[in-house]
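Subject: Structure for you to look at

Dear colleague,

Here is the structure I promised to pass on. Please open it beside this message, since my notes on what was found follow directly below.

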Amino acid sequence: MQQSAVTRLTSGNAPDSARRHCQADPTRTPGRAARVAVLDSAGAVFLFRYDNTEVGVHRAMPGGGMEPGESPLEAAGREMREETGWSDLVIEDGVLCLWEHDSTRAGVPVRQHEHIYLAYAPHREPAGDVTAAHAEDRTERWRWRWRWWSPADLAAGHEPLWPPQLPELLAEVRRPGAPATPADLGFVPNGPVVRG
């Protein structure tokens, strides 16, 4: 029986220590976040460009940290509205994947646990004035920091992605939607992912 790309991602690409859920690291502050993979009708995904002091330049989906008392799904919806101005998206209940990664935020080393959800939308630009949500980027030209990425763009590997396995994850869900059981990528160390 042939394994799906998502099954391969979660079963054989990383050592056991990297696949464990919620790894503790006493040198890092634990964080929780939620993001949304927004796909258009052609399968392109909407991504922002981020520049993290620890990780460097990378592309990631709209989303961010959870507020106290907020569920991951509530955080995903709030972050989506704040960062894109899109208030009409329906985010699917099922979680696409879970993953953990390290980064530095405001000088603080963080080990972030993320829930990634799935939504579908027409190919469009962010709506309204969302500059306040992008003030942390310290750029007046934030509009150049987002882009729709086609499946071919993602597969070309021109820029690092969060999570690095994003092309494989999205290839699995473009037609049927989020899986019944989310892929759990575990802890993903910073650096390039080897595709093969």
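Trp86 is buried, with a relative accessible area of 2%, where buried means under 20% relative accessible area, exposed means over 50%, and partly exposed covers what is in between (1.4 Å probe, protein chains only). Before going further, please note that this is a predicted model, in which local features need pLDDT of at least 70 and side-chain atom pairs count only at pLDDT 80 or more, while totals for chains, interfaces and linings use all residues. Residues are numbered from 1 along each chain as its sequence is written, and side-chain values use heavy atoms, with hydrogens and water left out.

Trp86 has an aromatic partner in Trp148, which also counts as buried, at 7% relative accessibility. The centres of the Trp86 and Trp148 rings are 6.1 Å apart and their planes are at 25°, so this pair is stacked; the rule is that rings of Phe, Tyr and Trp (its six-membered ring) pair if their centres lie within 6.5 Å, with planes under 30 degrees apart counted as stacked, over 60 as edge-to-face and the rest as tilted. The pair joins distant parts of the chain, as Trp86 is in the loop between H3 and S5 and Trp148 is in strand S7, 62 residues apart. Helices (H or I, at least four residues) and strands (E, at least two) are DSSP runs, numbered from the N terminus.

By this rule there are 7 aromatic pairs. Another of them is formed by Phe46 and Trp146, whose ring centres are 5.5 Å apart with planes at 25°, so they too are stacked. Phe46 belongs to strand S2 and Trp146 to strand S7, 100 residues apart in the chain. Phe46 is buried at a relative accessible area of 0%, and Trp146 is buried at 16%. Ring pairs connect Phe46, Phe48, Tyr50, Trp86, Trp146 and Trp148 into a cluster.

Two arginines are placed over aromatic rings, by the criterion that NZ of Lys or CZ of Arg is within 6 Å of the ring centre and within 35 degrees of the ring normal. Arg35 lies over the face of Tyr50 at 5.8 Å from the ring centre, and Arg111 lies over the face of Phe187 at 3.9 Å from the ring centre.

As for the chain as a whole, its secondary structure comes to 5 helices and 8 strands, and buried residues make up 46% of its 196 residues. The largest nonpolar core (a set of buried Ala, Val, Leu, Ile, Met, Phe, Trp, Tyr and Cys residues joined through side-chain atoms within 4.5 Å) has 43 residues, and those with the most contacts inside it are Ala37, Val38, Val45, Leu47 and Leu170. Strand S5 gives the largest share of this core, 6 residues. Leaving aside neighbours within four places in sequence, Ala37 is in contact (heavy atoms within 4.5 Å) with several residues, including Val45, Met61, Leu96 and Leu170.

Finally, two backbone details deserve a look. Most residues other than glycine have a negative phi, and most peptide bonds are trans. Ala106, although not a glycine, has a positive phi of about 55°; Ala106 sits in the loop between strand S5 (91-105) and strand S6 (108-120), and is exposed, with a relative accessible area of 81%. The peptide bond from Trp162 to Pro163 is cis, with omega near -15°, and Pro163 is found in the loop between helix H4 (151-156) and helix H5 (166-173).

With best wishes
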